[in-house]
Amino acid sequence: MARGNEKSVKALKEVWGRAENSLCADCGKPDPDWASSTLGVFICLSCSGIHRNIPSISKVKSLKMDHWDDAQVKFLAHHGNAVTKATYEAHIPIYYYQPTYNDCQVLREQWIRAKYERKEFTEPGKQLPYSDGVKEGILWKRGRDNGQFLPRKFLLSEREGCLKYFTKQDAKEPKVIIKIDVINATFQPVKIGNPNGLQITYLKDNKTRNIFVYHENGKEIVDWFNAIRSVQFHYLKVAFPIASDNELKSRLTRNFLKEGYMEKTGPKQKEAFKKRWFTLDHRRLMYFKDPLDAFAKGEVFVGSRENGYSVQKGLPSGTQGNFSWHYGLTIVTPDREYLFTCETETDQLDWITAFTSVINQPMIPQEYASKCLNTISF
């Protein structure tokens, strides 16, 4: 337990035990055991490391191991997570992505710096670098064929409702124009091999296309991410004027439900199983030969239980295809069964959980339309 005189230790226990302080102030992780003696917030070990990198703003101490004097404990008691959040999170734009403890380092670090160091959310109507509907700059983009990252000019425009990129800085015509309503963006530092790696996914002719980018500056790549969300939000406000802000927020960029390797066989279920990289993006299950492929080799629509979809542990008896992994699962659709194997039982159960979460959700009209358009072989 924290060190100090008996009175201060008791007071620290009391303020630490308040319900408002039961989650990390920055990422929401349960049972934070660190605190900032200058900001008055209770935080987890991971976020304390980020705070430690901005010592002019925040000085952190362990609630279990460090000494807390009376003045510091009184400061915590008069502040705490609720009071501090009321100041530093007073005016967060509805579209701004607030990371959790499951998110990557760059998102969490820039969230903390935006709050306490740059004070981006303390004043109403503050002009922010991702809020004016246009953003232009250089991002390092992975080449589709050679795999090399090269600088490319990107232009995001709310007025035009699209994201463009150009192969040369002085090029007049863009290489690609992506409509804002078909874009998804998700941070993928491990897959891309860069701590600031961002995967931009969009639909072209109802087929999924991936591009992989990064910027050396963490703030810049997170600003791009939130600029995309800002433009998407304002597009949706026009397209769906009676929808609530929270309904629109739920339709902005999303993380993939599950990714990883599985083995698959073909429609005859007699072919040898082949190892492929799979991505479950809500109701789209896509597979790739390589995690950084630009295009999916195939897609399958994952509908709801009431429409005849289910996931089963194991493979049908008598499955003939050769496979090297032995933890099978079967996706049942109205048209056919899809057979997969996983390397470990943990992978198998994780995939089953992910598929079950999708199948248990009722389908909305837009998803019925998506199913009708989805004609890619699997």
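Q: In what order do the 7 strands of the open sheet stand?
A: Let's walk across the sheet in this predicted model. The strands are paired in antiparallel fashion, and the sheet is open. Going from one side to the other, the order is β7-β6-β5-β4-β10-β9-β8.

Q: Which strands stand at the edges of that sheet?
A: Look for strands that have just a single partner strand. Such a strand has one side left without a neighbour in the sheet, so it sits at an edge. That description fits β7 (176-179) and β8 (183-187).

Q: By how much are neighbouring strands of this sheet turned against each other on average?
A: Here the direction of the strands is ignored, so to speak, and just the turn between neighbours counts. On average, that turn comes to 35°.

Q: Which helix packs on the sheet?
A: Check what touches the strands: β4 (134-142), β5 (149-157), β6 (162-166), β8, β9 and β10 are all touched by one helix. Its direction makes about 125° with that of β4. The helix, covering residues 218-239, is α7.

Q: How many bridges join β9 to β10?
A: Strand β9 takes in residues 198-204, and strand β10 takes in residues 207-214. The two run antiparallel, and Lys204 stands opposite Lys207 in β10. The number of bridges joining the two strands is 7.

Q: Why are the buried residues of α4 on the same side of the helix?
A: In α4 (residues 80-88), the buried residues are Gly80, Asn81, Thr84 and Tyr88. The reason they share a side is the arc they cover around the axis, which is only 115°.

Q: What covers the buried residues of α4?
A: We already have the residues that need cover: Gly80, Asn81, Thr84 and Tyr88. Their cover includes a strand and two helices. Those are β2 (42-43), α3 (70-78) and α5 (105-117).

Q: Is Arg283 buried or exposed?
A: You'll find Arg283 in the loop between β12 (274-281) and β13 (284-288). Its relative accessibility is 3%, and the cut-off for buried is under 20%. So Arg283 counts as buried.

Q: Which residue has its backbone oxygen 2.5 Å from a polar atom of the side chain of Arg283?
A: Start from the side chain of Arg283 and pick out the polar atom in question. The backbone oxygen lying 2.5 Å away belongs to Gln361.

Q: What share of the residues in the chain is buried?
A: The chain has 10 helices and 17 strands. Its residues number 378. Of these, the buried ones make up 51%.

Terms used
Residues are numbered from 1 along each chain as its sequence is written. This is a predicted model: local features need pLDDT of at least 70, side-chain atom pairs count only at pLDDT 80 or more; totals for chains, interfaces and linings use all residues. Side-chain values use heavy atoms; hydrogens and water are left out. Buried means under 20% relative accessible area, exposed over 50%, partly exposed in between (1.4 Å probe, protein chains only). Helices (H or I, at least four residues) and strands (E, at least two) are DSSP runs, numbered from the N terminus. The arc is that of the directions from the helix axis to the C-beta atoms. Contact means heavy atoms within 4.5 Å. Two strands pair if DSSP finds at least two bridges between them. Axes are lines fitted to C-alpha atoms, for helices over the stretch in contact, and angles run from 0 to 180 degrees between N-to-C directions. A polar contact is a pair of N or O atoms within 3.5 Å; within protein, one must be able to donate a hydrogen and the other to accept it, and residues adjacent in sequence count only if both atoms are side-chain atoms.
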